[in-house]
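Q: Hey, could you walk me through this one? I'd like to know how its parts fit together.
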Amino acid sequence: MKEKEGWRELPIGLALEAGTCKNFETGDWRSEKPVWDAEKCTHCLICWVYCPDSAIIVKDGKVQGIDYRYCKGCGICAEECPPKIQAIKMVREEK
Amino acid sequence: MIVARTGNEAMAEAMRQINPDVVAAYPITPATEVVQLFSKFVHDGVVDTEFVPAESEHSAISACVGASSVGARVMTSTASQGLALMHEILFIAAGLRLPIVICLVNRSLSSPINIHCDHSDTLASQDSGWLQIYAENAQEAYDTTIQLVKIAEEALLPGIVSTDAFIISHGMERLELLDDKKVPEFLGERKAPYSLLDVDHPLTFGALDLQDYFFEHKRSEIDAMDKVLPIIEKVQKEFGEKFGRNYSTVDEYKMDDAEIAIMAMGSTGGTGKVAVDRLREKGKKVGLIRCRVYRPFPKDAMLKAVTKPKVLGIMDRADTLSTLGGHLYNACRSILYDADTRPLIKNYIYGLGGRDISIEDIEKAYEQLFDIQKSGKVDKDIVYYGVRGE
């Protein structure tokens with residue numbers, strides 16, 4: 001790991017590079033994880049709209065899976081997935 | 001051009017000539033007129049300013065922070081409770097190094113509720129990282145408003161220029177206005193190091209800063225404050241050369257051979273100078289020190305001034321409620337700790353809630369200081385001057 005900068009090296013006024021959340025993988029806080037079922041999914045994208053961490057991976061309008069590097073396991077996707085579909089289930093994280 | 005203007009009108013005229021990009025404000029007595037008059041300039045198309053009438057001072061200063069982050073030249077105005085409501089955001093503006101300028105009118109902080117002058121409002125914000133300059137009269141308020149925009153933008157620190165409630169804010173004075181074109185010429189364009197709306201170079205502003213970086217960022221802010229005095233002196237000098245009115249961080253009046261001196265801030269400096277003139281006519285060796293720049297504290301210039309007299313009366317228009325006396329008293333005693341010669345010092349807490357201070361009151365204080373010189377002893381180090389029941 002590189003040495004942290006001294007105060008003289010820091011940019012003035014707390015202006016830092018943008019998009020640094022990318023480097024901060026928040027997925028390791030999770031106690032439950034969403035498991036996505038590709039068979040059941042109708043690709044309505046409601047989970048993608050509601051996910052507060054942009055952790056639903058979508059390509060060409062289709063859900064591809066869940067980005068576990070950033071998913072905090074809040075369960076909103078499973079809650080919002082239409083009751084008749086239930087393509088996302090929350091399961092306990094176990095090592 | 002020579003005109004008759006109140007302190008509030010003088011600051012509004014300065015704002016008109018500065019023509020800031022954004023002014024966001026909320027009215028409060030006795031500073032209401034500053035922005036009220038300015039809003040008329042906006043309505044009449046005399047300025048190009050985006051004017052934001054906010055729903056509170058907290059919102060007003062928050063809007064100023066947003067606009068200043070974009071790179072705009074931003075000003076506002078407030079007093080007393082208004083500054084207190086801004087308090088939280090003051091630290092954020094300073095930490096983000098945003099050169100916002102507040103045209104402030106000094107009014108007592110509640111309680112008891114009051115609308116008149118003392119310095120408790122700005123002094124309660126002394127540790128927020130804002131520059132603070134106290135004007136003696138309307139002319140100085142006008143000149144300093146213009147200077148402070150330039151100082152703040154070069155130092156990348158926000159600043160407050162203040163006048164005494166009603167004494168300056170509503171008192172009509174002779175005012176020399178600069179030419180409308182000369183003010184923007186003197187200031188130039190604001191050159192912000194980066195802009196919140198620069199989508200081609202996106203940045204994060206005001207990110208969470210924990211144990212690993214907070215101290216370094218705060219140290220960098222302290223460094224900015226350490227380096228600002230030469231910038232203030234440079235801008236004051238440039239202003240003097242261009243416009244013929246000269247200012248210094250510490251205003252010394254007849255101090256060269258003064259044996260007894262009084263120190264004050266704001267309009268009392270002017271009242272005190274008249275007292276000095278009267279006593280000088282009687283052959284008394286008296287002088288006056290006026291603290292014009294209070295943040296940063298002009299340590300070297302102040303030390304030079306306060307080591308001149310044998311006895312010094314320090315007049316504070318606020319109390320710290322700490323049992324230690326007033327702000328100037330504490331600051332001066334602190335810088336004198338390492339001095340080879342130290343004057344005897346007496347602290348006068350005076351004029352709270354707008355209690356009038358007359359020339360005669362100040363003459364009487366000088367007489368007390370002469371007694372101290374004779375006896376060689378300070379009878380009582382902190383006194384409440386002009387309060388009933390003492």
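A: Sure, let's start with domains: chain B splits into domain 1 (2–241) and domain 2 (250–385), with bounds that come from an automatic or database domain assignment. This is a predicted model, where local features need pLDDT of at least 70, side-chain atom pairs count only at pLDDT 80 or more, and totals for chains, interfaces and linings use all residues. Residues are numbered from 1 along each chain as its sequence is written, while chains are lettered from A and ligands numbered from 1 in the order in which they are written.

Q: What separates the centres of domain 1 and domain 2 of chain B?
A: That's 28 Å, taken over C-alpha atoms.

Q: And how many residues does each domain put into the contact?
A: Domain 1 of chain B gives 26 residues and domain 2 of chain B gives 20 residues. Two residues are in contact if their C-beta atoms, placed from the backbone, lie within 7 Å.

Q: Which element gives the most on the domain 1 side?
A: Strand 6 of chain B, with 4 residues. Strands (E, at least two residues) are DSSP runs, numbered from the N terminus.

Q: New topic: how many residues of chain A are in contact with chain B?
A: 12 residues of chain A, and they meet 17 residues of chain B.

Q: Do tell, which strands join the two chains?
A: Strand 1 (residues 15–17) of chain A and strand 9 (residues 203–205) of chain B run antiparallel, joined by 3 bridges. Strands pair if DSSP finds at least two bridges between them.

Q: What stands opposite A:L16?
A: B:T204, in strand 9 of chain B.
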